[in-house]
Amino acid sequence: MSAKKRATFGGRISAVLVSAGSAIGLGNIWRFPYLAGENGGAAFLLFYVLAILLIGLPLMLAEFSVGTATRSSAVAAYRKLGKRWSIVGYIGVLTAVIILGFYLVVAGWTAEYTVASLTGELMAQPNAEAHAAAFQNFISHPWRPLLYAVLFALATHLIIALGVQKGIERSSKVMMPLLLLFMVVLAIRSCTLDGGMEGLRFFLMPDLTKVSASTILAAVGQAFFSLSIGLGTMVVYASYFAPKTDLQRTAVEVSILDTLVAVLAGLVIFPAVFSAGIEPGSGPSLVFITLPSIFSKMAFGGVWATIFFLLLVLAALTSTISMHESFTAYLVDDWKLKRKTAAYLTTGVAIVLSVVASLSLGDWSGVKLFGMTIFDAMDYITANIMLPAGALLACLFVGWRMDKQLVTEQLYPETHPNKWVMGYLRLMWRVGSPLLLVLIFLDSLGFI
Ligand code: PHE
């Protein structure tokens, strides 16, 4: 798509829907609970919310502004505004494909679980141990998870290639409220399980004595991951926003929705974890063991499970689309490829990465990067290093380098700027966020 005939989304509601579609996904329902479980529960939640408020919201506004000011994908956008800063875009697109690689694996698991719910295979497991064993068998199977990851990549590709984002945009209007409703029902069911209260305490009453730098870094990384920021995805999406879209309201609404889904996921998972005697720090498998255990304690569990995993598949799909789009749009804008060719190339790279990530949980589990499986390393390095680094540079760029007037015009296209808001945002971009990020980095490396 050339700059002249660049597509735009309908209006502000569409802007919220597509951005929330990107933000809400496996990050909220799979990654957030597993990290919270590993990092002390409530303390993690506290730093996660702080990270969203203090660094996340200003950063999302920074990325939105770069997007609407340039109407370009990440690399081209930063280059247009400040030549050497294209590096921020490059880090971003690289991060996007790597995340897409391991994300497709987990998305594949949700697709498999949808099928297993439908066939009744999932509900046939008698207890949490059986669910844990079944999950382990599945992810280490030599080809089944690969098949599902590849199918998921192809589904993402098809939507990008057919240009049916409009359909996705429209179905989001139904799907997201439905997902929320389901989560509320599940949270109620989970909190009323025997022993559920202990889970609630774990998730809601912070024990600050157990907080370490790595907890905070993980919370900050998760905040970026969940809001899809720090890698230019929101730059690309904002470049499609209708002119004069109210960026502040959009960012606030997206952040609220995204946080709500993560908190609900915690309210669903932790009571059930404690009730079933599952270890909260059991890592990426947590949700896939806990959720089926809740469903098997519900009337018509199989039906609930099928619908829920299907909603999860759709939530994951709107996120994989945004990562795919980040890379595809880069290839179109920078390599001048046809959109179709660019989409094929992106899908190809994503499939290769996802196959490697998936195999690293089975046959290749002996291969270690920095002491982690390839899957874990892809997850850790992107969220805890690349996203914070991208965020740091993006804040510095918008705070110091981008034309002040241009930034203000993006945030206040029609009204008089609020000088308090602009003052706060500038402070956070220039010193607040960079300082916090550097301190957290240094601390987690053991320098403080
Ligand atoms: N935010 C998405 C989620 O929470 C994942 C994502 C990360 C999407 C980065 C786009 C870019 O599932």
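**The ligand site and three residues of interest**

In this predicted model, a backbone N or O atom of Leu 26 lies 3.1 Å from an oxygen atom of the ligand. A second backbone approach comes from Ala 23, where a backbone N or O atom is 2.8 Å from an oxygen atom of the ligand. With Ser 226 the partner is a nitrogen atom of the ligand, and the distance from a backbone N or O atom of this serine is 3.0 Å. On its own the ligand has 320 Å² of accessible area, and the protein covers 100% of that area. As for where this happens, the ligand is found in the largest cavity.

It helps to step back and look at the whole shell. The ligand is surrounded by 15 residues, and the closest are Ala 23, Gly 27, Tyr 103, Phe 225 and Ser 228. Four helices each supply at least two residues of this shell: α1 (12–23), α2 (26–38), α10 (213–227) and α14 (301–335). Sorted by class, the shell holds six nonpolar residues and nine polar ones, while charged residues are absent from it.

Ser 228, one of the closest residues to the ligand, is worth a second look for its backbone. Its phi is positive, at about 55 degrees, although the residue is not a glycine. Most residues other than glycine have a negative phi, so a positive value is worth noticing. Ser 228 sits in the loop between α10 and α11 (233–239). The relative accessible area of Ser 228 is 9%, and the residue is therefore classed as buried, the cut-off being under 20%.

Phe 300 also has a positive phi, near 55 degrees, and is likewise a residue other than glycine. Its place in the chain is the loop between α13 (286–295) and α14. Is Phe 300 buried or exposed? Phe 300 counts as exposed because its relative accessible area is 66%, and exposed means over 50%.

The last residue to visit is Leu 162, which belongs to helix α7 (residues 144–162). The relative accessible area of Leu 162 is 60%, so this leucine is exposed by the cut-off of over 50%. How far is Leu 162 from Ala 36 in sequence and in space? The two residues are 126 residues apart in sequence, and their C-alpha atoms are 38 Å apart in space.

Conventions:
Residues numbered from 1 in each chain as written. Predicted model: local features only at pLDDT ≥ 70, side-chain atom pairs only at ≥ 80, totals over all residues. Heavy atoms only, no water. Near = heavy atom within 4 Å. Polar contact = N/O pair within 3.5 Å; in protein donor to acceptor, adjacent residues only side chain to side chain. Areas by Shrake-Rupley, 256 points an atom, 1.4 Å probe, with all protein chains shown as cover. 1 Å grid on protein atoms, 1.4 Å probe; cavity = no way out; pocket = protein on both sides within 12 Å on 5 of 7 lines; lining within 4 Å. Sits in = over half its atoms within 2 Å of the grid points. Nonpolar A, V, L, I, M, F, W, Y, C, P; charged D, E, K, R; others polar. Buried < 20%, exposed > 50% of the residue type's maximum accessible area, 1.4 Å probe, protein only.
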